[in-house]
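I opened the notebook to go through one model, from its charge pairs to its cores. My entries follow in the order in which I looked things up.

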Amino acid sequence: MTEPTTEFPPPKILTLSSTHKPILITQGAEGRLYKTPSPFQPNQFCALKYRPPKPYRHPILDARLTKARISSEAKVLDRCYREGVPVPAVLAKDAAAGWMMIEWIEGEPVRVGINTWLGERPEDDAALDTTQEDETPLIDLMKRMGVAVGALHRTGVVHGDLTTSNMMLRPWADDRLPNGHGDKTEKAKAVAGDVVVIDFGLAMQSQSDEDRAVDLYVLERAFASTHPRAERLFHHILDSYRESFKKAPGVLHKLEDVRMRGRKRSMLG
């Protein structure tokens, strides 16, 4: 993959290797994500998140904002990692230069896994002759998602942009399949693996049930939009969240209020 022409060059740390060029994975309004050889482990890769200068902002203000945002994201990730939340480890950072180096998570986004599992299904799920056992691997994945979000909220962190694109499926080292199933089909493999939460650019530290409920609402709406044929199974995420987080009842009660406000906004346009 070749890097597209951009106004600003990559940070100097990405130019240190003479044998491997960094790969630009994605580029958004606020930053870029590169896959690059790890300077700490031979034959390993890491991810480098870089916030380039913004020409439309005053240079001093831009430098302060960039430093603050990189520092905040790294701090949140460090806290989560120490508390055992499934997130990438922070390997290095230079907030003043606008970059943070984190662990590279192998695998596919949860979004890809779910869509692979769903495959080419009819639009009307009611017409399908499926059983609870048939859907067990997918339900197991959704339960793991609920556990991951519960661990995140238990740590006192709100993600701010929970979607199935911001969760990765890291393959299991022993190649086991969900719930011990022996049917090693590509479909079952698609939803196997540990759920790792990524992209904490909008995250904040909060103990508020309201903030946590909004986090869940964002995930719920994103899930319904991205995986409408699996929307009826979303409650498994919430059930697992309830079981893994002792303060979940208050959050789920608040979620009802957040849903009601969301419906009112939809009706009012």
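**Entry 1: a pair within one helix**

I began in helix H5 (residues 209-226), where Asp209 and Arg212 are three residues apart and therefore separated by about one helical turn. The model is predicted, and I kept that in mind throughout. I then checked the side chains of Asp209 and Arg212. They meet in a salt bridge, at 3.7 Å from N to O. The cut-off I needed here is 4 Å between the side-chain nitrogen and the carboxyl oxygen.

Next I looked up burial for each partner. Asp209 is partly exposed, with a relative accessible area of 28%. Arg212 has a relative accessible area of 1%, so I noted Arg212 as buried.

**Entry 2: another pair with that spacing**

I moved on to helix H6 (residues 235-244). Arg242 and Asp239 both lie there, three residues apart, about one turn of the helix. Their side chains meet in a salt bridge at 3.2 Å, N to O. Are these two partners buried or exposed? Neither label fits: Arg242 counts as partly exposed at 41% relative accessibility, and Asp239 counts as partly exposed at 29%.

I also asked which residues are joined into one network by salt bridges that share partners. The answer is Lys49, Glu73 and Asp199. I took that network next.

**Entry 3: the network around Lys49**

I started from the pair Lys49 and Glu73. Their salt bridge has its closest N and O atoms 3.0 Å apart. Lys49 lies in strand S3 (residues 45-50) and Glu73 in helix H1 (residues 59-82), so this pair ties together parts that are 24 residues apart in sequence.

I looked up accessibility again. Lys49 counts as buried at 16% relative accessibility, because the limit for buried is under 20%. Glu73 is buried too, with a relative accessible area of 4%.

Then I turned to the other partner. A polar contact of 3.3 Å joins the side chains of Lys49 and Asp199. I listed what else Lys49 touches, leaving out residues up to four places away in sequence. Among them are Arg32, Leu33, Ile70, Gly98, Trp99, Met100 and Gly201.

I followed one of these contacts, Arg32. Arg32 is found in strand S2 (residues 32-37). It is buried, with a relative accessible area of 4%. Its side chain makes a polar contact with the side chain of Tyr34, at 3.2 Å.

For the tally, I counted salt bridges by the rule above. The count comes to ten.

**Entry 4: the nonpolar cores**

I switched from charged to nonpolar side chains. The largest nonpolar core has 50 residues. Which of its members touch the most other members? They are Cys80, Leu141, Met167, Phe200, Leu216 and Tyr241. I asked which helix gives the most to this core: helix H3 (residues 136-154), with eight residues. The core draws at least three residues from each of domain 1 (12-103) and domain 2 (108-261).

Another core lies apart from it. That one has eight residues, among them Leu24, Tyr34, Cys46 and Met101. Tyr34 was already in my notes, as the partner of Arg32 in a polar contact.

I picked Met167 for a contact list, again without residues up to four places away in sequence. Met167 touches Glu108, Pro109, Val110, Met145, Val149 and Leu162. It also touches Val195, Val196, Val197, Ile198 and Leu219.

**Entry 5: a small set of strands**

The Met167 list led me to strand S8 (residues 167-170). S8 and S9 pair in the antiparallel sense over four bridges. Leu169 stands opposite Val195 in S9.

I then looked up the whole sheet. It is open, has three strands in the order S6-S8-S9, and its pairing is antiparallel. Which strands are at the edges? They are strand S6 (108-109) and strand S9 (194-197), each pairing on one side only.

**Entry 6: overall figures**

I closed with counts for the protein chain. I found seven helices and ten strands. Of the 269 residues, 44% count as buried. Among contacts between residues at least 6 apart in sequence, 66% join residues at least 24 apart.

Key: Residues are numbered from 1 along each chain as its sequence is written. This is a predicted model: local features need pLDDT of at least 70, side-chain atom pairs count only at pLDDT 80 or more; totals for chains, interfaces and linings use all residues. Side-chain values use heavy atoms; hydrogens and water are left out. A nonpolar core is a set of buried Ala, Val, Leu, Ile, Met, Phe, Trp, Tyr and Cys residues joined through side-chain atoms within 4.5 Å. Buried means under 20% relative accessible area, exposed over 50%, partly exposed in between (1.4 Å probe, protein chains only). Helices (H or I, at least four residues) and strands (E, at least two) are DSSP runs, numbered from the N terminus. Domain bounds come from an automatic or database domain assignment. Contact means heavy atoms within 4.5 Å. Two strands pair if DSSP finds at least two bridges between them. A polar contact is a pair of N or O atoms within 3.5 Å; within protein, one must be able to donate a hydrogen and the other to accept it, and residues adjacent in sequence count only if both atoms are side-chain atoms.
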